[in-house]
Amino acid sequence: MTEIAVISGKGGTGKSSISAAFATLNCKVVLADCDVDAANLYLIFNPSNEEDEIYISGYKAVIDYSKCTNCRSCINQCRFDAISLINDKTVISELACDGCFLCSRICPENAIGMVPSNKSRMYSGSFRNGKMVYGRLAPGEENSGKLVNMVRSKAKKISGESGIETILLDGPPGIGCPVISTLTGVNKVVIVTEPSFSGINDMQRVMEVLRKFNLRAFIVINKYDLNVTLSARIKEWCGQNGIELAGQLPFDKNMVDAMIQGKSIIEYNPDLKISKEIHKIWCKILKTD
Ligand code: SF4
Ligand code: SF4
């Protein structure tokens, strides 16, 4: 079993389009969309959701109005400003509540209960190039790293059962908790960057994280021709730091057209220069130990 994570450090680099392309090359994969805050690969691949599981992301405070005397004691105690008085009634905002349990402990009438947040889901099933798992965190809910762990465990289980050896993880942007959960214990990491100052900065920040985990990294420069000077700077930095450049891809409007049609660029047209280039990059990543 080989786990390959595709991450970007910053959003908008084209990471998910490249993940989609990798997922539709010639070998079957277990595709795990770990961008649980904004999963979107399912929109392209329309997988059969054979299973869905509830993810309990935390707890929310709920007032039992048959017990509440409107004493207002809880309002000033909530440090998330989730409790307020609306039309003389004490109300808790579900979105703002952090689930810290404080109000439920201090309410003199025992009127506040804590209920599990059960709106987030993990789905698994089949898509046209193998199996797919993805999580969808409900708006305002937390603990996305835990949901990523759940997605990864499911992907590994499916890999073992189906005999599909390659697990491709499409990671979230940034360097926070869900990214760490995506990277822990993977075999290889592909960083998709672009030739912009923020792209370079975020690529370097994400590399600092990878060094701590001692992970094998490959850089892909997407849309390299939009700024060849900065692309050259990325290549130079890779060379100075001993990081492998897996390849560079030109800007190609076909990438957008493919997404609009619900296809990866490989499915859209495997004979395009960019499709062939992505194929070369994927083969290089698979072959390198
Ligand atoms: S502390 Fe309890 S009784 Fe008082 S307003 Fe809050 S929920 Fe109601
Ligand atoms: S559980 Fe914590 S965050 Fe939620 S309303 Fe009560 S005090 Fe505020």
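Ligand 1 has 13 residues around it, and Cys68, Cys71, Cys74, Thr90 and Cys107 come nearest. Its shell divides into seven nonpolar, four polar and two charged residues. The model is a predicted one.

Ligand 2 also has its shell. Here Ala61, Cys78, Cys97, Cys100 and Cys103 come nearest, out of 13 residues around the ligand. Eleven residues of this shell are nonpolar, one is polar and one is charged.

| Ligand | Residues around it | Nearest residues | Shell make-up |
|---|---|---|---|
| Ligand 1 | 13 residues | Cys68, Cys71, Cys74, Thr90, Cys107 | seven nonpolar, four polar, two charged |
| Ligand 2 | 13 residues | Ala61, Cys78, Cys97, Cys100, Cys103 | eleven nonpolar, one polar, one charged |

Now the chain as a whole. The domain assignment gives two parts: domain 1 covers 2-56 + 125-287, and domain 2 covers 59-116. The centres of domain 1 and domain 2, taken over C-alpha atoms, are separated by 41 Å. Along its principal axes the C-alpha trace spans about 70 × 40 × 35 Å. The secondary structure comes to ten helices and 13 strands. Of the 289 residues, 43% count as buried. Among contacts with a separation of 6 or more, 75% are between residues 24 or more positions apart.

Next, the nonpolar cores. The largest has 64 residues. Val151, Val190 and Val220 have the most contacts inside this core. Take Val190. Leaving aside neighbours within four places in sequence, Val190 is in contact with Ile4, Val6, Phe218, Val220, Ala246 and Ile285. Another core, of eleven residues, lies apart from the largest one; among its residues are Ala61, Cys74, Cys78 and Cys107. Some of these names recur around the ligands: Cys74 and Cys107 are among those nearest ligand 1, while Ala61 and Cys78 are among those nearest ligand 2.

Two helices give a further view of burial. Helix α1 runs over residues 15-23, and nine of its nine residues are buried, so the helix is largely enclosed by the rest of the structure. The buried residues are Lys15, Ser16, Ser17, Ile18, Ser19, Ala20, Ala21, Phe22 and Ala23.

Helix α8 spans residues 253-260 and includes Ile260. Is Ile260 buried or exposed? Ile260 counts as exposed, because it has 8 C-beta neighbours inside 10 Å, and the cut-off for exposed is 12 or fewer. The C-alpha atoms of Ile260 and Ile44 are 8.8 Å apart, although these positions lie 216 residues apart along the chain as a separation.

Methods:
Residues are numbered from 1 along each chain as its sequence is written. Chains are lettered from A and ligands numbered from 1 in the order in which they are written. This is a predicted model: local features need pLDDT of at least 70, side-chain atom pairs count only at pLDDT 80 or more; totals for chains, interfaces and linings use all residues. A nonpolar core is a set of buried Ala, Val, Leu, Ile, Met, Phe, Trp, Tyr and Cys residues joined through C-beta atoms within 7 Å. A residue is buried if 20 or more other C-beta atoms lie within 10 Å of its own, exposed if 12 or fewer, and partly exposed in between; C-beta atoms are placed from the backbone. Two residues are in contact if their C-beta atoms, placed from the backbone, lie within 7 Å. A residue is near a molecule or strand if its C-beta atom, placed from the backbone, lies within 6 Å of it. Ala, Val, Leu, Ile, Met, Phe, Trp, Tyr, Cys and Pro count as nonpolar, Asp, Glu, Lys and Arg as charged, and the others, Gly among them, as polar. Domain bounds come from an automatic or database domain assignment. Helices (H or I, at least four residues) and strands (E, at least two) are DSSP runs, numbered from the N terminus.
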